[in-house]
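Me: I'd like to learn how to read a structure like this one, feature by feature. Could you walk me through it?

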Amino acid sequence: DILPRILYDEVRFALQCRGKLKHNEELTKMQMVELLHADIELEKKVLGERAHKAIKEIESQIMALLKRRKVKLAEKFQRRIDELWAPLREVQAEEQAAKLSRDLAHSNELHKNDTTSYSEWRKRVVAKREEAIPEDADGFTPRQQGVKIPLIGATPRGPEVVTPRGYQSALQISAGSAHACLIHKSGQLYTWGVGGAGRLGMDLTRGADPEKDVDKPTLVQALMQRPVVRVACGYSHTGCIVAGGELYMWGSTSNGKCGLGPIVNREECFASVPTRVMVGAEDRRIKKLSCGAMHSAIITEAGQLYLFGCGDGGRLGLGEGRYDTLFTPTPVSSIPGLNGEKIATVSCGNSTTILATEIIREVGASEEDVQKQRHLAGGRVFVAGSRNVLGKQCDSFTQLTEFRSGSNGSESIAAVPIKQVSAGYMHSVLVSAEGELFCFGHNKGGCCGLPTPQLFVEHPTSVRFLYSSPTNIGLGRKAYQSTTFNQRNASFAVNGRIEGNGVNKSSCTQQESQPWLEVDLGRTAVIESVIVWNRTDIPQDKNLPRDHYTSRLFPFWVMIGKDPFQQIANAVSLKENLRSAVCKARFADDKRASTWRCPAQSQGRYVRIQLEGYNSLSIAEIEIYGYWGLTKGVGRVSYATAGRDVTVAVVRPNNDPKDLESFYKRATYSDAMNADILRQLESFTAEYDKFGRGEVLQEAARKKACCICGRGNLQDLCEACILYNSYSQPIAAMPPAVGGRRRRLRSISDFLLLSNKPDLDPIVVPQVKRPSKWEVRKKNFLEMLKVTNLFRVKRTGYVSPKEALSADPAAIMETLKYVDHIDEKKMETLMNDRTGGGSVAGSSLGLGDASLAGVLNSTSGPAAVTERKGKNMKMAEETDDGQSVIPESIGDSVVPLERQQKRHGYGPNEPLKEGDLLPTGHVVKPAFPKSIVQQIEV
C-alpha cells in the first residue's frame with residue numbers, strides 16, 4: 001500500500017546523493033527502495049538520528065537549488081553529504097564482504113552435505129534392498145510368520161513413498177472391484193480390502209469374522225505351506241494357483257464362479273477359506289487363471305481352456321443360443337479356426353472372455369529369411385461375449401482379424417501377434433509381441449487411448465502415442481546416386497525386393513571414387529534402424545574369388561542428415577558429409593545384410609550410403625525403419641490391464657546402455673541440474689559416476705562434438721550450443737560454482753542478465769514545450785479564419801480559389817502568349833464590334849458578377865491597351881501578304897481549329913469545368929489554381 005505512494009524520482013535522487021546510482025543505471029522502484037532502506041538504517045546506526053535528519057535536509061536543499069538552476073551551490077551541498085558518507089561506505093563494503101564470505105561458506109557447506117548425503121543414500125539403498133529379514137520385530141505378524149509390507153501411494157492422498165526393502169519384493173499383484181492380492185517373493189499370499197463374502201480368505205482368525213475388512217496387506221495363513229505362483233481377483237471372489245499346478249478358489253460362490261459344484265445352486269453361500277478345485281477327472285495341472293465378474297477361466301499346462309460360471313450374454317462361448325451356467329470347470333470342446341494351436345493366455349471381463357494362442361518363433365527355410373529375421377507365428381485372438389462390448393454378438397469364440405491404426409483408427413493394418421490380453425468392464429486391451437497397445441470397446445473418458453468424441457471403437461486400434469511398430473518408410477521413396485551403370489538407377493534399391501541375385505536386381509554405379517546413393521524420405525522422421533542388403537551373385541569365372549562382387553560394398557558409411565548431402569563424389573565430400581550428419585555408422589565386414597540400430601531419437605530426412613574407397617556401389621535393397629514425425633512415442637508396452645473405464649499400461653524399461661548414456665548426456669549438457677535429478681535413479685548412477693554434471697561434455701562440445709546436435713550445420717544448432725556460442729566470453733569469465741562444479745542453466749541466465757552491459761549511444765530527444773493557453777487559442781483562431789475566409793477582402797475582378805475549385809478541384813489556367821503590339825484604334829474597333837458600339841458591359845458578355853465585368857473592362861478597354869504600350873505581344877497571326885489580321889475574338893486565331901475550345905460565358909449557372917475557354921484567352925486545365933487573376937496576368 002505504501003510503495004505506490006513513493007515517488008520514483010525522489011527515491012532515485014536520494015540514492016544518487018549517496019553515490020549509489022549512476023545517471024545511466026536503471027533499477028526498479030522496489031530495488032531502489034531496498035537499497036535506500038539499507039542506507040537509512042546504516043545512517044541511523046553509525047551516524048545517529050540527527051545526522052540522518054541533516055542528510056535529509058541537505059537533500060531537500062539540493063533539490064530546490066537544482067530546480068532554480070543553482071548547480072554550483074548544489075554541488076557544494078553534495079560534497080557535504082559525501083563527507084558524511086565517506087566512513088559509511090567503508091563500513092558498508094566490509095559488511096558486504098562479510099556477507100559474501102558467509103554465503104560462500106554456507107554454499108560450500110550445503111554442497112558438502114549434499115554430496116555426503118547422496119553417497120550415504122546410495123549405500124543405504126543397496127543395503128536395504130539386500131536385506132532378507134526385517135530390522136525389528138514389528139514387521140512380523142503375531143505368529144512370526146509374515147512380514148510387514150508397506151503400501152506406497154501413487155496419488156496425493158496415498159501413503160508416502162518409502163525406499164523398498166529387499167524382503168518386501170513382490171512377484172505379482174492383482175486387484176478386484178474392492179480388494180487386492182499380492183504374492184511375496186517367498187511365495188506367501190497377502191490380501192487386503194473389503195472382506196465381504198470372504199473374498200480375502202481370512203477364515204475365522206480375524207476375530208471370528210471372515211468378512212471383516214483389512215486395511216493393510218495381511219498373510220493368508222491357509223496357504224502358508226503352499227507357495228502361490230499366480231493369483232486372480234474377480235468382482236467378489238478370488239483364485240490362485242499354487243506350486244504343482246493346483247487350483248484354489250474362495251469368496252462368493254453365486255452362479256458357480258468358484259467351480260465348487262452344483263451344491264452352490266441350492267442355497268446362497270460363500271467360501272471364506274481357500275478351497276481346492278478339481279479340474280477334470282484327471283485333476284489337470286493349471287498354468288493360467290482369470291476371474292471375471294460372474295465367471296472364471298483357466299488354462300491347463302497342455303494349453304486346454306476350461307470355463308465355469310454364468311453364461312449370460314454368451315461370455316462362456318458355448319455356442320449360438322447357449323447361455324447355460326457351469327458349476328464346475330468345463331473344457332471348451334472346439335473353437336472355430338483354432339487349428340490345434342495351444343491357448344497361451346485368457347482374460348475374463350464383465351461380460352466377455354478373450355483368449356490368445358501361443359506365439360511360435362519360426363525360422364525361415366532359406367538363407368535370406370534366416371538373415372532377415374525370425375518370423376512370429378500364432379498370437380491369434382478369439383473373443384466371446386455380448387454385443388454392447390464387442391460390437392457384435394459372439395455366442396462362440398470368434399477370431400479378430402481386422403486391426404486398425406492411425407489417430408482415429410482409419411488405417412487398416414494386418415493382424416499382429418498378440419502376447420497378452422485383458423478384458424475390462426466395457427472395453428478390452430491387447431498387447432502385441434512388439435509392444436504395441438490395441439484397444440477396442442466403449443471409449444468412455446478416452447479409456448481406449450483415442451479422442452473422446454469417438455464413443456465406440458469397433459476394431460482393435462493402436463494407441464500410437466505409446467508405441468507404434470516401425471515400418472519401412474523408405475519403400476518407394478525418391479533415391480539418387482552419383483552415377484548410373486547399365487540403367488541400374490537408385491530406384492532398384494528402394495523397390496522392396498531383397499534378392500540381389502546379379503546386377504540386374506540391384507542398383508549400380510560406375511567405378512569411381514567414393515560413390516554414393518541417397519534416399520530422400522520427403523519429410524522428417526525418427527529413424528530406428530537401417531538395413532543394407534548386399535547382392536548375392538557369384539562370379540562365373542572360377543578364377544575370381546566368390547566374394548568378388550559382394551566385397552565391393554565394404555567398407556561403407558551410413559549417414560542420416562536433416563539437409564541434403566553434397567553431390568560431389570570424392571574424399572573431401574565424404575569428410576564434409578560425415579561432419580554434417582546427425583548420426584553415422586561404418587561397416588567393414590562382408591555380410592548379406594548390414595543392420596544399423598540408430599541412436600535414440602535419431603531424426604532426419606536424408607539417408608546416404610557412401611563407399612570409403614574407389615569402386616562401384618551396388619546395393620540390392622535399403623530398408624529404413626522408423627516413424628513419421630519428431631518423436632517415436634513413450635516406449636514399448638510390456639503389460640496392460642483394462643478396468644472400469646480406465647486402462648493401465650506398463651512401459652518396458654530401456655536397458656540398452658548406449659541409449660541410457662545418450663539420454664543422460666543430452667539432459668546433462670542441456671542443464672547441469674538434470675544430473676542431480678537423474679542420479680537419484682539407479683539406471684543412471686553409472687552415468688553420473690562417469691560424466692558427473694557435464695563438465696566433460698562441455699569440453700567436447702567446444703571441440704565440435706555436441707551430444708545433442710553434433711555441431712553440424714549452423715542452422716541446426718541446439719539451444720545449448722547457441723547459448724554457449726553467443727555468450728562464450730561472458731560464460732568463460734564466470735566463476736565456477738561451489739566446489740568447482742558446472743553452473744546450472746538458471747545460474748548462467750541470471751549472471752548474463754545481471755552482468756554489466758556496454759553503454760549504448762544516447763539518443764537526444766528534443767524536449768517538446770507545451771504551448772500556453774494563449775498560443776492554443778491563437779492557433780485555433782487562425783485555423784478558423786482559413787476555413788471560413790473571414791476578414792479577407794475580395795478584390796474586384798478576382799476569382800477566389802473556392803470559386804475555381806467549385807468547378808473542378810484539379811483545374812488550372814493555361815496562359816496564351818501574344819507576340820505583337822495591339823494598335824489602340826484597332827483595339828477600340830475590336831471592342832466596339834464585340835459590344836455593339838458600347839463599352840464592355842457585364843450584360844453584353846453574359847457575366848453574372850458586376851465585379852468581373854469591371855475587371856474585363858479594365859483589362860480590355862483602350863485605357864488598358866494604352867498601359868500595355870511597349871510590351872512585345874502580338875494579337876494576330878501574320879498572313880502571306882505581310883498584313884496583320886485582327887482576330888474575331890481574343891485568342892481564337894492563336895489556337896488551331898482542331899484545338900478550339902468551348903467558350904465559357906461566365907454565367908452564374910455555368911460552372912467552370914476542364915476544357916473551357918475563358919474570354920481572357922485562357923483554357924481550364926487539371927491542376928490547383930491560386931486564382932484566375934493570378935493566372936491571366938500578362
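Reply: Sure. Let's begin with a term we'll need: a residue is buried when its relative accessible area is under 20%, exposed when that area is over 50%, and partly exposed in between. Take R605: its relative accessible area is 26%, so R605 is partly exposed. Keep in mind that this is a predicted model.

Me: Which residue does R605 form a salt bridge with?

Reply: A salt bridge here is a side-chain nitrogen of Lys or Arg within 4 Å of a carboxyl oxygen of Asp or Glu. R605 pairs with D520, with N and O 2.8 Å apart. D520 sits in strand β29 (residues 516-533) and R605 in strand β32 (residues 593-611), so this bridge links distant parts of the chain, 85 residues apart. D520 has a relative accessible area of 11%, so D520 is buried.

Me: How many salt bridges are there by that rule?

Reply: The count comes to 23. Some of them join up: R18, E43 and E59 form a network of salt bridges.

Me: How far apart in sequence are K99 and D103?

Reply: They are 4 residues apart in helix α4 (residues 71-129), which means about one helical turn separates them. Their side chains meet in a salt bridge, 3.2 Å from N to O. Both ends come out as partly exposed: K99 has a relative accessible area of 45%, and D103 has 36%.

Me: And what does D689 form a salt bridge with?

Reply: D689 bridges to R122, and their closest N and O atoms are 3.1 Å apart. D689 lies in helix α10 (residues 685-691) and R122 in helix α4, so the pair ties together parts that are 567 residues apart in sequence. R122 is partly exposed, at 27% relative accessibility.

Me: What about charges that gather on the surface? Which residues make a patch of negative charge?

Reply: To read a patch, look for like charges that gather on the surface. Here the negative patch is made by D209, E211, D213 and D215. One of its members, D215, is in strand β4 (residues 214-219). D215 has a relative accessibility of 68%, so D215 counts as exposed.

Me: Which residues make a nonpolar patch?

Reply: F781, L782 and M784 do, and their surface patch covers about 270 Å². M784 is placed in helix α15 (residues 773-788). At a relative accessible area of 38%, M784 is partly exposed.

Me: Now for serines. Is S351 buried or exposed?

Reply: S351 is buried, since its relative accessible area is 9%. You'll find S351 in the loop between β13 (343-348) and β14 (352-357). A polar contact is a pair of N or O atoms within 3.5 Å, and the side chain of S351 makes one with the side chain of S386, at 3.3 Å.

Me: What lies 2.6 Å from a polar atom of the side chain of S602?

Reply: That's the backbone oxygen of P599. S602 is placed in strand β32, and S602 is buried, with a relative accessible area of 3%.

Me: How far apart in space are L65 and F77?

Reply: For this one, compare the separation in sequence with the distance in space. L65 and F77 are 12 residues apart in sequence, and their C-alpha atoms are 9.6 Å apart. L65 is in helix α3 (residues 49-67) and counts as buried, at 5% relative accessibility.

Me: Let's finish with the backbone. Which residues does a cis peptide bond join?

Reply: Omega is the angle to read for that. The cis bond joins F554 and P555, with omega about -5°. P555 lies in the loop between β29 and β30 (556-561).

Me: And phi? What is the value for N339?

Reply: Phi of N339 is near 55°, a positive value in a residue other than glycine. N339 lies in the loop between β12 (326-331) and β13, and N339 counts as exposed at 66% relative accessibility. Q487 also has a positive phi, about 60°, although Q487 is not a glycine. Look for Q487 in the loop between β26 (478-481) and β27 (507-508), where Q487 is exposed, with a relative accessible area of 67%.

How values were computed:
Residues are numbered from 1 along each chain as its sequence is written. This is a predicted model: local features need pLDDT of at least 70, side-chain atom pairs count only at pLDDT 80 or more; totals for chains, interfaces and linings use all residues. Side-chain values use heavy atoms; hydrogens and water are left out. Helices (H or I, at least four residues) and strands (E, at least two) are DSSP runs, numbered from the N terminus. Buried means under 20% relative accessible area, exposed over 50%, partly exposed in between (1.4 Å probe, protein chains only). Patches are made of residues with over 30% relative accessible area and no salt bridge: like charges are joined within 9 Å, nonpolar side chains (Val, Leu, Ile, Met, Phe, Trp, Tyr) within 5 Å. Accessible areas come from the Shrake-Rupley method with a 1.4 Å probe; for residues, only the protein chains shown count as cover. Lys and Arg count as positive and Asp and Glu as negative; His and the chain ends are not counted. The place of a charge is taken as NZ of Lys, CZ of Arg, CG of Asp or CD of Glu. A polar contact is a pair of N or O atoms within 3.5 Å; within protein, one must be able to donate a hydrogen and the other to accept it, and residues adjacent in sequence count only if both atoms are side-chain atoms.
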